[in-house]
Amino acid sequence: MERYYQPEIECASRDEIVAIQNKKLTEQVKHVWDNVPYYRKKMEEKGVSPEDIRSIDDLHKLPFLSKADLRDAYPYGLVGVPLKDCVRIQSTSGTTGKRVVAFYTREDIDLWEDCCARAIVAAGGTDEDVCQVSYGYGLFTGGPGLNGGSHKVGCLTVPTSSGNTERQIMFIRDLSTTILCCTPSYAAYLGESMKEMGLGPDEIPLKAGIFGAEAWSEEMRQDIQKTLGIKAYDIYGLTELSGPGVSFECSEQTGMHVNEDHFIPEIINPDTGEVLPDGTWGELVFTAIDKKAFPMMRYRTRDICRLSREKCACGRTHVKMEKPRGRSDDMLIIRGVNVFPSQIETVLLEHGYQANYQIIVGRVNNTDTLDVHVEMTPEMFTDNVAEITNRQNELVAGLKSMLGIKAKVTLVAPKSITRSEGKAVRVIDNRKI
Ligand code: DLL
């Protein structure tokens, strides 16, 4: 039977959800207008004042916020409460320029942890469970967020943080860990390591995993589920919006329910900013309607996604977002064709490989080159050149049919591509250097 952490809100009727959103949105707009001069100026420039925002139907009138605004306003320019009311910061790893620093009041943390608790309960978690949090702790939101959610559910929480794979496996076995929280790439690596130790899925006590913080494919889910003998649930979030738990998967595993009482999602055309109808792929934009210390209005995530309002058999009523396909800034344009790393991953997994690969993009004689290095699994490892060539050609054909362009594929030995304990580094684009 499906269980919920906050059933009255997770299963509320559409009318109830809209009523909550209308009330919180109008209050949040006033809060921001009064307390965040940076955003007030943006509203004034667009000729919008709080009186213009009477309900969620008026959301589109508000200006967007983007990563560039966060950089401009760094570090305190978007804080919405006196600093004495802030009790914590978290931060992103920030691939370009300044890191994002997000602020939290006590209540912001409380609501964030509720979101994470909803995800853990949706994955079957109860106070009988042992929940090992192997996301990084510290500035990254993964560890602290899931840790807080696990406490709320009453799980015995094992805060291993990321890394030290041997110790992770020791705790999983000795403490009979039932729920594992980490990035999907680290889960795959843990699975690989356990397999090498001769541990089959039946000897691993885990029953569920809550994996997110990076894009992962459906095929990778199947792989992890098989190796670890678990049900693997997706979880999504970003530092700007508090961290993990903006949305999470239920037992149906067909997309993630957005916690709509805290975050209103929109899908926009990334080029024009136009709001697109449900079901259309586009850039995901969120408005956080009750976060007070770091209020994000129409924040452009750069994640490419789509929404579905189809009734979910789990009983939850909140809108679902599909697994993000990638980020618009991760999207590679190779010889004019849009390529997402997740498409390449899908082909590799369909052909029996694991998600251990690296995509190397270059430019020779003004033409883009696409090289994909893929690890052979230990079972397929061979030094027979003809067999390797055959396998490489198979992948070249698979990639051609998925992407429409030709890639060069090189098969490499098992374990020769560096593993990540957090988010995996999949793409090396030498064209930018
Ligand atoms: O990654 C928060 C998080 C921690 C989410 C633990 C889930 C679990 P950031 O470091 O700020 O925050 O990175 C946010 O990661 O915009 C997406 O591009 C990507 N991302 C996060 N979750 C998923 C997911 C955390 N489930 C950025 N699928 C986001 C695909 C994801 N991409």
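A residue is called buried here when its relative accessible area is under 20%, and in this predicted model that cut-off is a useful way into the strands that lie around and beyond the ligand site. By this criterion 7 of the 7 residues of strand 8 (residues 243–249) are buried, so strand 8 is largely enclosed by the rest of the structure.

Strand 8 has a pairing partner in strand 7, to which it is joined by 4 bridges in an antiparallel arrangement, with Leu238 standing opposite Gly243 of strand 8. The hairpin formed by these two strands has 4 residues between them, and there Ser242 takes a positive phi near 115 degrees. Strand 8 also runs antiparallel to strand 9 (residues 256–258), through 3 bridges, and Glu249 has Met256 of strand 9 as its bridge partner. In this second hairpin, with 6 residues between the strands, the positive phi belongs to Gln253 and lies near 55 degrees.

Strand 7 (residues 231–238) leads on to the ligand, since of the elements around it this strand gives the most to the shell, with 5 residues. The shell comprises 9 nonpolar, 6 polar and 5 charged residues, and of these 20 residues Asp234, Ile235, Thr239, Asp303 and Lys423 come nearest to the ligand. Polar side-chain atoms of Thr239 and of Asp303 each lie 2.5 Å from an oxygen atom of the ligand, while for Lys423 the corresponding distance to a ligand oxygen atom is 2.8 Å. Taken alone, the ligand exposes 610 Å², of which the protein buries 94%.

Definitions and conventions. Residues numbered from 1 in each chain as written. Predicted model: local features only at pLDDT ≥ 70, side-chain atom pairs only at ≥ 80, totals over all residues. Heavy atoms only, no water. Near = heavy atom within 4 Å. Polar contact = N/O pair within 3.5 Å; in protein donor to acceptor, adjacent residues only side chain to side chain. Areas by Shrake-Rupley, 256 points an atom, 1.4 Å probe, with all protein chains shown as cover. Nonpolar A, V, L, I, M, F, W, Y, C, P; charged D, E, K, R; others polar. Buried < 20%, exposed > 50% of the residue type's maximum accessible area, 1.4 Å probe, protein only. Pairing = 2+ DSSP bridges.
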